[in-house]
Amino acid sequence: MIRVVLPAHLRILSKSDAEVHLEVPPPVTLHAVLDALEARYPMLAGTIRDHATQQRRPFLRFFACSEDISHESPAAPLPPAVVSGAEPLLIIGAIAGGA
Amino acid sequence: MSSVRVLVGTRKGAFILTSDGNRSDWRIDGPHFGGWEMYHLKGSPADPNRIYASQSSGWFGQTVQRSNDGGKTWEPVGNKFAYDGVPGTHQWYDGTPHPWEFKRVWHFEPSLTDPDTVYAGIEDAALFRSTDAGASWHELAGLRGHGSGPHWQPGAGGMCLHTVILDPTNPARIYIAISAAGAFRTDDGGQTWRPINQGLHSQFMPDPTAEVGHCVHHVAMNPARPNVLFMQKHWDIMRSDNAGDSWEEVSGNLPTDFGFVIDIHAHQPDTIYVVPIKSDSEHYPPDGKLRVWRSRTGGNEWQELAAGLPDRDCYVNVLRDAMAVDSLDSCGVYFGTTGGQVFCSPDSGDTWTPIVSHLPAVLSVEVQTLP
């Protein structure tokens, strides 16, 4: 079981709990987790990564095990602690100020 | 008794303001989608309970919300706006080619007859249509494929398709406007388009009378007289009596003819409203006085409307989609400001009262007149 923590706005949009639990078959990659997340919550498609390019939206980051993994390949395996469910995958909205 | 429902999009959420036909006692409902930019909400003329709303965010991009119960509840629908084919390039601010990139939906225009059909004007400028109540979106690519597309350039607010007008007498005819490309018309349901900018004069352009490149801020049509259009251009109030084939300036005695909004009385097609703004570099009313100006002669002769509007120290703007009219017997006129006020005049502009005064910056105002 993979644990995913969403930013507040996406929790409201998806009407989900603060922490989402997903079953993701191996290999557990960021790409596979986001596929599973969007399959469960179709309204999140396009809000975390671009529909067409699948690129992470610029003001979002992915954290796992106290590391920023935003620049890792989406096809790379996630850390074992995330795969085992010991640690969550955090999807973080950048503290970007603005109006 | 009839009632009105005012749909207000703001920088930080949507608000729904309702009143009976007296338009003096208002219920304020919201914020819906708090914290999100709500560029536009609009109800279906064929089913007033069907409302489409554009919800966007710099963090999370574009979402589309749909209500089937007049805004009480909402559900997210399709948010995939994929340009048809290889998008190509338009001009960037510096004149260099820049790839077409979807950014947000500026305007929804629901079909006049089918609640499940709705048009979306987007940035970077293109027109999309959904025929399944917003579940999926498809570009009407003939517009962007018009030969002038590579020469379109963004205005200061982005290269947005902000105006979509459906001709009630001719389902094949649609008008759109883009900042800063100009106005366009299709007469074949969106397959082919032609620019309708003859008569516009834009001093900032290398060729001030070029076929495209004009910064059109908004266009309005009264459904009873669909061949007559009124335009608020960057500067200049313009009028066309031939469905946009040609335009003439009708700015007349306005204190300034810069502005964003323009709208038309529901029952008097020659009564039009604008909110003059000081200049393109000073986006607030002249002398700190918020004023609507009304022409009862289809332009040229304008009357200042001041009763109930701020007389001093007012430095707000009124953005292009932030004025609307209801269709009650005594036509109501509404507008919202970047200072978070929404004003209502239940008597065609003679007197004004703020419905609400402290919302986030207002991006759009639409009105539904309900039985």
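Select strands β1 (2–5), β2 (19–22), β3 (60–64) and β5 (89–93) of chain A: these are among the elements that cover the buried residues of helix α2(A). Please note from the outset that the model on display is predicted.

Now select the helix itself, α2 of chain A, which runs over residues 30–40. Which of its residues are buried? They are A:Leu30, A:Val33, A:Leu34 and A:Leu37. Display their side chains and look down the helix axis. These residues lie on the same side of α2(A), because they cover an arc of only 95 degrees around the axis. A general rule helps in reading this view: an α-helix has 3.6 residues a turn, so residues three or four places apart point the same way.

Next, select the whole of chain A and colour it by secondary structure. Three helices and five strands should appear. Following the sequence, the order of elements is β-α-β-α-β-β-α-β. Rotate chain A to view its extent: the C-alpha trace spans about 40 × 25 × 25 Å along the principal axes. Chain A has 99 residues, and its radius of gyration of 13 Å agrees with the value near 13 Å for a compact globule with that number of residues. Of these 99 residues, 25% are buried. Contacts in chain A may also be sorted by sequence separation: among those between residues at least 6 apart, 56% join residues at least 24 apart.

Proceed to the place where the two chains touch. How many residues does each chain bring to the contact? Chain A brings 15 residues and chain B brings 13 residues. On the side of chain B that touches chain A, select strand β6 (residues 61–67), which gives the most, with three residues. Colouring this side of chain B by residue class shows seven polar, four nonpolar and two charged residues.

Finally, select the whole of chain B. What secondary structure does chain B have? Chain B contains 30 strands and one helix. Its C-alpha trace spans about 50 × 45 × 40 Å along the principal axes. For 371 residues, a compact globule would have a radius of gyration near 21 Å, and the 19 Å of chain B agrees with this. Buried residues account for 53% of the 371 residues of chain B. Of the contacts in chain B with a separation of 6 or more, 50% come from residues 24 or more positions apart.

Methods. Residues numbered from 1 in each chain as written. Chains lettered and ligands numbered in written order. Predicted model: local features only at pLDDT ≥ 70, side-chain atom pairs only at ≥ 80, totals over all residues. Helix = DSSP H or I, 4+ residues; strand = E, 2+ residues; numbered from the N terminus. Rg over C-alpha atoms; globule rule 2.2 N^0.38 Å. Buried ≥ 20, exposed ≤ 12 C-beta atoms within 10 Å, placed from the backbone. Contact = placed C-beta atoms within 7 Å. Arc of directions from axis to C-beta. Nonpolar A, V, L, I, M, F, W, Y, C, P; charged D, E, K, R; others polar.
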